[in-house]
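User: Could you take a close look at one part of this model for me? I'd like to hear about the place where protein and DNA meet.

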Amino acid sequence: MPELPEVETIRRLLARRLAGRRILRAEFPERRSLRGDPAKTAARLVGQTIRAVGRRGKHLLIEFDSGLLLAVHLGMTGSLRGGGERGPHTRAVLELDRGRVLFDDPRMFGRIELCEALPARIARLGPEPLETTAADFIARLRARRRMLKPLLLDQAFLRGLGNIYTDEALFRAGIHPRALAARLSPERARKLHGAIREVLTAAIAAGGTTISDYVDVEGNPGGFQVRLRVYGRAGEPCPRCRAPIRRTVVGQRGTYYCPKCQKR
DNA sequence: ATCGGTACCTGCACGC
DNA sequence: TGCGTGCAGGTACCGA
């Protein structure tokens with residue numbers, strides 16, 4: 001479900017809600033949603049005060065005064081709720097000195113981990129798409145012999161893009177999802193860098209994309225779905241040339257693109 | 001390095 | 001109504 005813009009939207013709301021709060025109780029009713037032992041993790045969390053909420057790619061990082069870190073990945077269907085009662089898919093509950101936060105995740109692809117430092121798994125991800133420079137991005141593309149779509153989805157190359165925003169960025173840049181990274185001209189690579197920045201920035205401003213179930217901490221859906229140009233629009237006319245948008249599969253992922261506007 | 005396949009899960013839409 | 005199928009915003013691991 002959530003890609004960078006959704007996670008960033010959640011991070012901002014969570015930061016406001018959680019900064020300075022203390023954990024009174026924690027519960028992990030679903031062992032598989034947690035890396036580590038549920039009882040031990042819960043015990044270590046009690047009494048911890050939240051300093052800040054950060055983000056690396058699609059990972060949320062709840063930082064405590066003690067230096068401990070609660071890393072949350074929402075997977076495909078994970079969501080965080082500020083308040084309310086637990087439901088059938090509640091996988092974690094943090095009871096605070098004011099309010100509570102619940103982690104719901106029907107498909108259980110999401111994970112929570114309490115750690116003392118940034119886990120290697122997260123530390124070794126690629127750069128933030130909104131922080132990397134065009135020059136660096138172009139140089140790194142050049143070094144890869146791979147199709148663009150799977151490369152952009154690879155979190156070790158760039159952290160935060162998922163299926164939706166990859167397709168949207170490639171469309172905006174006029175580049176075919178199967179185009180080979182190393183063969184892109186510097187000008188087209190620069191255009192792709194700009195397209196990624198634009199689509200992510202606009203999506204964050206709109207509060208993310210809701211296809212079926214994404215909601216933020218307050219339960220509000222995103223607003224960017226109405227501005228998607230190709231994702232989920234197979235058969236509809238391309239907003240630029242009116243040719244029908246096509247759906248195909250690239251790297252085992254459903255992929256939407258305009259066969260006329262997007263060239264290899 | 002890169003690719004394809006599989007696995008992990010549940011829920012929903014769809015066709016019959 | 002019920003059942004089978006395919007699909008879904010993500011990641012990890014395996015062998016080729």
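Which residues surround DNA strand B, and which atoms of R144, R145 and R146 come up to its phosphate oxygens?

Analyst: Sure, and keep in mind that this is a predicted model. The residues around DNA strand B are R32, H89, P106, R107, M108, F109, R144, R145, R146, M147 and Q252. Sort that surface by residue kind and you get five charged, four nonpolar and two polar.

Now for what the protein meets on the DNA side. If you take the atoms of DNA strand B within 4 Å of the protein, 66% are sugar or phosphate atoms, and the rest come from bases.

The arginines at 144, 145 and 146 are worth zooming in on. R144 uses its side chain: an N or O atom there sits 2.4 Å from a phosphate oxygen of DNA strand B. For R146 the side chain is again involved, with an N or O atom 2.8 Å from a phosphate oxygen of the strand. R145, in between, brings in its backbone, where an N or O atom is 2.8 Å from a phosphate oxygen of DNA strand B.

If you want some protein background, there's an open, mixed sheet of five strands, ordered β2-β9-β5-β4-β3. The edge strands are β2 (34–35) and β3 (50–56); each has a single partner, so one side of each has no neighbour in the sheet. β3 pairs antiparallel with β4 (residues 59–64) through six bridges, and A52 has E63 of β4 as its bridge partner. Helix α1 (residues 4–18) lies across β3 and β4, at about 175° to β3.

Technical notes: Residues numbered from 1 in each chain as written. Chains lettered and ligands numbered in written order. Predicted model: local features only at pLDDT ≥ 70, side-chain atom pairs only at ≥ 80, totals over all residues. Heavy atoms only, no water. Near = heavy atom within 4 Å. Polar contact = N/O pair within 3.5 Å; in protein donor to acceptor, adjacent residues only side chain to side chain. Nonpolar A, V, L, I, M, F, W, Y, C, P; charged D, E, K, R; others polar. Pairing = 2+ DSSP bridges. Helix = DSSP H or I, 4+ residues; strand = E, 2+ residues; numbered from the N terminus. Contact = heavy atoms within 4.5 Å. Axes fitted to C-alpha atoms, helices over the stretch in contact; angles between N-to-C directions.
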